[in-house]
Amino acid sequence: MARKSFLKAYCEKVRDDKIVACLKVKKMCALMLERMEGGYKRWHFDVEAAQRPIEFIERFCKIPSGRLGQPMRLELFQKAWIESIFGFVDDDGLRQCQEVFVMVGRKNGKTSLTAAIELYMLVADHEGAPQIYNTATNLDQATLGFNAAYKMVRQSGDIAAHVKKRTDQLYCDMNFGFIKPLASNTSTLDGLDVHLGVLDEIHAMKDRDIYDLVKQGTAAREQPLIMQITTNGFVRNSIFDDQYSYGAKWLDGTVTDDRFLAWMYELDEREEWQVESKWIKANPGLGTIKSKDYLRNAVRKAKQDKSYKPTVMTKDFDMPENAAVAWLDFTEAINTTYYFGEENGMPRFKDLGFRYGICGFDASDSVDLTSAQMLMMRPGDDRIYERSMYWIPEDVVMAAYDDGDRKGRDGVPYQQWIARGLMRTVPGNKIDKRVLIDWLQELRDEEDLYCYALGFDPWHMTEDYLVSELESFVGASRVVKVRQGSKTLSQPMKMLRAEYQKNMIVDNHNPINEWCRMNVMIRSDVNDNIQPVKKGNDPRNRIDGFAAEIDAYVTLLNFKDDYMANI
């Protein structure tokens, strides 16, 4: 009788929503099912190879803590992980996977599982003199996994017959291999010949030195493996963020790496930490390995103790703290459900009969774009219509063009946007902020569209004369300084996102608006207050259009009753 694959069973249950899973796990399962069905390049799925480590672990390995002496019984999700790593091989039986990134909430059995895999690869992987390393930022942390493996050896006569503890390693006399703890602060890290490198809790690593060292140490092996099983953490802009981003891009298909796998368990929305049925998204072992009562108590405490909440969010639900996280998905940032056409490249707003709008303005000097967004509503229609304009210094555009970069400095088609009338150039290398007043006058004189109120970020608007001109044009009581911090922006951003989700912001599919929105990431504080930042802290990822948009939205909220009464 043909063996049944645990990986296939798990992925099908995720696909069919019989197992609650996050979007990243769903993507991984879809990918695995596709590869199992049709193979992938030169590799195919071998169920016997996939289950050999599972059989070894459940036959020879004992639980290293708690119920000592009890055999390990792997959960379906753990078997799926193992099969995904060991099951895809080429015609010579050599494994495809050489690196796996697993992010999962704490207390889901990761230490015991990795220790058991280490013993399998030491004793039963048919590798000569395998060098296996438990790595971490310090030796105490690296020793945790090593000690778990040693406890398993002590409880298994079959393994203990061939594996002995030496001063700093578990040595296998059959093949001259060993398991050894290794820390980034070890005096010498040269000369590694890695068959398996386990990077424990990489979220705590402040640099990528030990990862790079282990990665380079696998070069001489035919089928090495690097395992990273971790929770999220508090150290930002380090190896964890790099690997998380790499894994997310790999799942999205924007990164191609035939030797890599990513199992990433997390909540899809931060608010899901308060919904018990969603907890399993970050905790696949909930109710079997990890106690539900423990997590209920942790959540209860986090609701009452704000200082404890970041720990729960990060360690139990894999939500980043003190970091920028993606804010909108594609369907939220881009509204294609309502389009009212163009005439000579410009949106046909005249046909919709708007008379008054609320404007937001984000000014710049010579680096970023300058943007204005006019939000408009009409009686009997809950949609918010958006009229947009952007300005960029001519010297910036021409410099990129002269260098042969036809997309422009930021990797986007500035020339095309300018040609369509969605963006305007300003002579020289600096933008005169009076372009806003010129644009508002143009809308008034040519389209009979008046600016009812205006909000702006005061950071770049330091010229008193310009503020006075705006107050004269709009009315001093309806010109608002919108500070760009979480205190001002958090609740309006959450409300604006709800508008995006319902496709209530209609901007005629403006590509610059969409680009800016997709570049927005957020920082959250312990109270879930959010504020926008640029994706990856990369200055090329402009968010100026969104900044003007949120300024306009804040101003619309401030004046909505009066505004609606006037339209």
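# A guided tour of the predicted model

Begin by selecting helix α4, residues 76-86, of which 10 of 11 residues are buried. Here buried means under 20% relative accessible area, exposed over 50%, and partly exposed in between, with a 1.4 Å probe and protein chains only. Helices (H or I, at least four residues) and strands (E, at least two) are DSSP runs, numbered from the N terminus. The buried residues of α4 are Phe 77, Gln 78, Lys 79, Ala 80, Trp 81, Ile 82, Glu 83, Ser 84, Ile 85 and Phe 86.

The model is predicted: local features need pLDDT of at least 70, side-chain atom pairs count only at pLDDT 80 or more, and totals for chains, interfaces and linings use all residues. Residues are numbered from 1 along each chain as its sequence is written, and side-chain values use heavy atoms, with hydrogens and water left out.

## Strand β9 and its partners

Select residues 225-230 next. This is strand β9, and six of its six residues are buried, so the strand is largely enclosed by the rest of the structure. Leu 225, Met 227 and Ile 229 point one way from β9, while Ile 226, Gln 228 and Thr 230 point the other way.

Now add strand β3, residues 99-103, which pairs with β9 in the parallel sense over five bridges. Two strands are taken to pair if DSSP finds at least two bridges between them. To locate the register, display Met 103, whose bridge partner in β9 is Thr 230. Then show strand β8, residues 194-200, which runs parallel to β9 and is joined to it by five bridges. Gly 197 has Ile 226 as its bridge partner in β9.

## The second largest pocket

Centre the view on Ser 65, Gly 109, Lys 110, Ser 112 and Ile 289, which lie nearest the centre of the second largest pocket among its 35 lining residues. On a 1 Å grid over the protein atoms alone, a pocket is an open set of points with protein on both sides within 12 Å along at least five of seven lines, where a cavity would be a set of points where a 1.4 Å probe fits but cannot get out; lining residues have an atom within 4 Å of a point. The volume of this pocket is about 1,000 Å³, a volume being the space filled by probe spheres set on the points, with grid points joined across faces, edges and corners.

Colour α5 (110-123) and α6 (139-155), the elements that give two or more residues to the lining of this pocket. Helix α6 supplies the largest share, six residues. By class, the lining divides into nine nonpolar, 15 polar and 11 charged residues. In this division Ala, Val, Leu, Ile, Met, Phe, Trp, Tyr, Cys and Pro count as nonpolar, Asp, Glu, Lys and Arg as charged, and the others, Gly among them, as polar.

## Salt bridges

Which residues should be shown as sticks next? Select Lys 281 and Asp 268, whose side chains meet in a salt bridge (2.9 Å, N to O). A salt bridge is a side-chain nitrogen of Lys or Arg within 4 Å of a carboxyl oxygen of Asp or Glu, and the count by this rule comes to 37. Lys 281 is buried, at 7% relative accessible area, whereas Asp 268 is partly exposed, at 26%.

Move to Asp 445 and Arg 444, which also meet in a salt bridge (2.9 Å, N to O). Asp 445 counts as exposed at 56% relative accessibility, and Arg 444 as partly exposed at 29%.

Then select Arg 517 and Asp 507, which form a salt bridge with their closest N and O atoms 3.0 Å apart. Arg 517 lies in helix α18 (residues 511-518) and Asp 507 in the loop between β20 (505-506) and α18, so the pair ties together parts 10 residues apart in sequence. Arg 517 and Asp 507 are both buried. Extend the selection to Glu 386 and Glu 549, which shared salt-bridge partners join with Asp 507 and Arg 517 into one network.

## Strands β21 and β22

Select residues 520-524, strand β21, where four of five residues are buried. Strand β22, residues 530-534, pairs with β21 in the antiparallel sense over five bridges. Met 521 has Val 533 as its bridge partner in β22.

## Cysteines

How many disulfides does a search of the whole structure find? The search finds zero, a disulfide being a pair of cysteine sulfur atoms within 2.5 Å. Select Cys 451 and Cys 359: the sulfur of Cys 451 has its closest cysteine sulfur in Cys 359, 5.0 Å away, which is too far for a bond. Finish at Cys 516, which is buried at 0% relative accessible area.
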